[in-house]
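This note sets out points for a colleague who is reading the structure for the first time. Please keep the model open alongside the text.

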Amino acid sequence: MTRYTIRRVALAIVVVAGVVILTFVIADLVPGDPAVAWAGPHASAAQLARARQYLGLDQPLPVRIGKYFGGILTGNWGTSIHTHQPVLSDIGTAAPATLELVVAALIIAVVVGVPLGLAAARWPGSILDHAIRVIAVLGVSMPIFWLALILQLVFAQRLRVLPVAGQYDPNLIFTHPLVTRTQMPVVDALLSGNWAVLGSSLRHLVLPAVVVAAYPVGVIARMTRAQVLDTLGETHVQMLRSLGFPERTVIGRFSMKLAWNPVAAVLALVFAYSLVNSFLVESIFDWPGLGSYATASVETLDTPAIVGVTLFIGLVYVAANLIVDLVQAALDPRIRLR
Amino acid sequence: MSTLLARAPGVSAVRRAARANQLITAGTLIVAVIVVVAVFAPLLAPYPADAGTATHPEIALQAPSLRHLFGTDQVGRDVFSRVLYGARVSPVIAFFVLLIACAIGVPLGVAAGYFGGVTDEIIMRVTDVFLAFPALLLSLAFVAVLTPSLTSLTIAIAIAWWPWYTRLIRGQAASVAGRPYVEACRTLGIPRWRILLRHVLPNSMTPLVVQVSLDAGGVILTISALSFLGLGAQDPVPEWGLMVAEGENYFTTQWWLVTYPGLAILVTALAFTLLGDGLRDTLDPRRLPVR
């Protein structure tokens, strides 16, 4: 296990280095002179020169890559052009809201997707199985920004059963002020026992979370179905059947136990995809997370912010993969001995 | 998952094939309709000029009617005509994205399989780096720093997509390399490049076709998502994602502006997913039942 861990961590470090270089390349691709963007269109030659020196553009490429690496390592991810704040602190402010949204979506995806997958595996080829397949295929093919707008129109604008946008009812700020610790309203409200805000924030969370869940629900349902069906032919499952365990126990308890591992792995991968999918949803629901920050950065051509968010999610993805691999290897010796 | 279905009790290979054929039939039919619409858009669209620079402010934001099946948009253009013309935008861009991605990815995959060792290691670590980003994010970052245009969009998405093909082809090469018939080729003294070109690459084509078909839907979703964010097509190009974005401001009262272009994206992505699923079930030899 130690050897496997060392090898896997070393690989992750190599990938992280590559990820940093790739983001440097993206930042360097910007057409035109970044110094002009920094100093403004009416800057004098002297101001431009000062900007070039300040941004380090007068130095050779290897030095700049070295400095970029050093900056990333020491937490200096550059300054956002549109907020004039350090990019890393902007990301720190925005990330909790996105985390809350994506975690809520993944909870929905597991709570809905796993039973759907189990039901499909219980009766393969049935109408239910086909219906679940259709749901899964629809989820994978869904333009989620469109789904967000449609659900917002139907449930918030027309039926008025759910709030249109935001994290919780702004009127509650005065009547039930929320003590913010984690920047996640649901968690903060739970921690401080602020039930009014908790109810409101949960209601605000429903629509965006359901939209972000559309893709993972399908993936998880299909994965669960495939994994459970895969175990059904194995001898220990046949033994369980011959011992007279009812079919639902065989599938729900024993086959699912084996299926959790790959389903959890898919969940970690889907996490990063959902982070990016939330980009398309957040601005529609006025959700103050990374997605809103990224789309605002795109509109203002804020390269440091765009590159920062890209780097951040790349790192999260590498970390998620690493954790999944290590946990799986710890649980399943076949992986680390391969 | 098709393997698993085959192994599942009560589902015979025949039924599995029939189901796969249903998927292929449904997918192919919709794709064929999209192709026909794209080719004959000027004949099918009631107001071809509305896909271009034409504007009719006097009939702006009209609800769907017999004159305008999908209503009119904020400058009076016929939404139905624009949705039909949209079949000429994202699907065509997706074709070029996949073409470029394969043109980069396949040779690199073959190279990794052919040379092995250090070359293999370097190529695969580079693909690892690219695959550390979800495709939508990486193409978003690239296209955001480039000047927004359909060319930038195509290149940016292709840059995010090629590593999948490198990985696929290399894995294919590695698995074929161990087969007895390849060993036989080697014993006969056939040069390695010839084995790769004549035996490995043809054997990789089937999974490649399946993967490309499955990916086409994802690429179309990425194109429309980036256009929705304002990073792809620009007005007056009738791109579906851009049309959704333009309709967003009027959406609460004029629902048709967003609904129809979005449906077009959904149906198109769905068609390619179904086609790819069906193709995988029938074509991929590794997934055929062993019995």
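1. Terms and basis. A residue is termed buried if 20 or more other C-beta atoms lie within 10 Å of its own, exposed if 12 or fewer do, and partly exposed in between, with C-beta atoms placed from the backbone. The model is predicted: local features need pLDDT of at least 70 and side-chain atom pairs count only at pLDDT 80 or more, whereas totals for chains, interfaces and linings use all residues. Residues are numbered from 1 along each chain as its sequence is written, and chains are lettered from A and ligands numbered from 1 in the order in which they are written.

2. Confidence. The predictor assigns the complex an ipTM of 0.87 and a pTM of 0.88. Chain B has an average pLDDT (the predictor's confidence in each residue, from 0 to 100) of 86, and 90% of its residues score at least 70. Within chain B, the mean is lowest, at 45, in helix 1 (residues 2-7) and highest, at 95, in helix 4. The pLDDT is below 50 over residues 1-10 of chain B, a stretch that has 25 contacts in the model beyond near neighbours in sequence. It is also below 50 over residues 285-291 of chain B, where six such contacts are found. Here two residues are in contact if their C-beta atoms, placed from the backbone, lie within 7 Å.

3. Chain A. The secondary structure of chain A consists of 15 helices and zero strands; helices (H or I, at least four residues) and strands (E, at least two) are DSSP runs, numbered from the N terminus. Its C-alpha atoms fill a box of roughly 85 × 55 × 40 Å along the principal axes. Chain A has 338 residues, of which 42% count as buried. Among its contacts with a separation of 6 or more, 71% are between residues 24 or more positions apart.

4. Chain B. Twelve helices and zero strands are assigned to chain B. The C-alpha atoms of chain B fill a box of roughly 80 × 50 × 30 Å, taken along the principal axes. Of the 291 residues in chain B, 50% are buried. For contacts in chain B between residues at least 6 apart in sequence, 69% join residues at least 24 apart.

5. The contact between the chains. Chain A and chain B each contribute 45 residues to the contact. On the side of chain A that touches chain B, the largest share, eight residues, comes from helix 14 of chain A. By class, this side of chain A has 32 nonpolar, nine polar and four charged residues. In this classification Ala, Val, Leu, Ile, Met, Phe, Trp, Tyr, Cys and Pro count as nonpolar, Asp, Glu, Lys and Arg as charged, and the others, Gly among them, as polar.

6. The nonpolar core. A nonpolar core is a set of buried Ala, Val, Leu, Ile, Met, Phe, Trp, Tyr and Cys residues joined through C-beta atoms within 7 Å. The largest has 176 residues, and those with the most contacts inside it are Ile144(A), Phe145(A), Ala141(B) and Trp161(B). Helix 10 (residues 195-232) of chain A gives the most to this core, with 20 residues. Leaving aside neighbours within four places in sequence, Ala141(B) is in contact with Ile26(A), Ile306(A), Val307(A) and Thr310(A).

7. Helices 5 and 6 of chain B. Helix 5 of chain B, with 26 residues, reaches 37 Å from its first C-alpha to its last, close to the 38 Å expected at 1.5 Å a residue; the expected span is 1.5 Å times one less than the number of residues. Just after helix 5, Gly116(B) takes a positive phi of about 65°. In helix 6 of chain B, Ile123(B), Thr127(B), Val129(B) and Phe130(B) are buried. Seen down the axis of helix 6, its buried residues fall within an arc of 155°, so they line one face of the helix; the arc is that of the directions from the helix axis to the C-beta atoms. On the other side of helix 6, Gly117(B) and Val118(B) are exposed. The buried residues of helix 6 of chain B pack against helix 1 of chain A, together with helix 5, helix 7 and helix 8 of chain B.

8. Ser81(B). Ser81(B) is found in helix 4 (residues 79-86) of chain B. Ser81(B) counts as buried because it has 25 C-beta neighbours inside 10 Å. Not counting residues up to four places away in sequence, Ser81(B) touches Ala45(B), Pro46(B), Tyr47(B), Pro48(B), Asp50(B) and Ala51(B).
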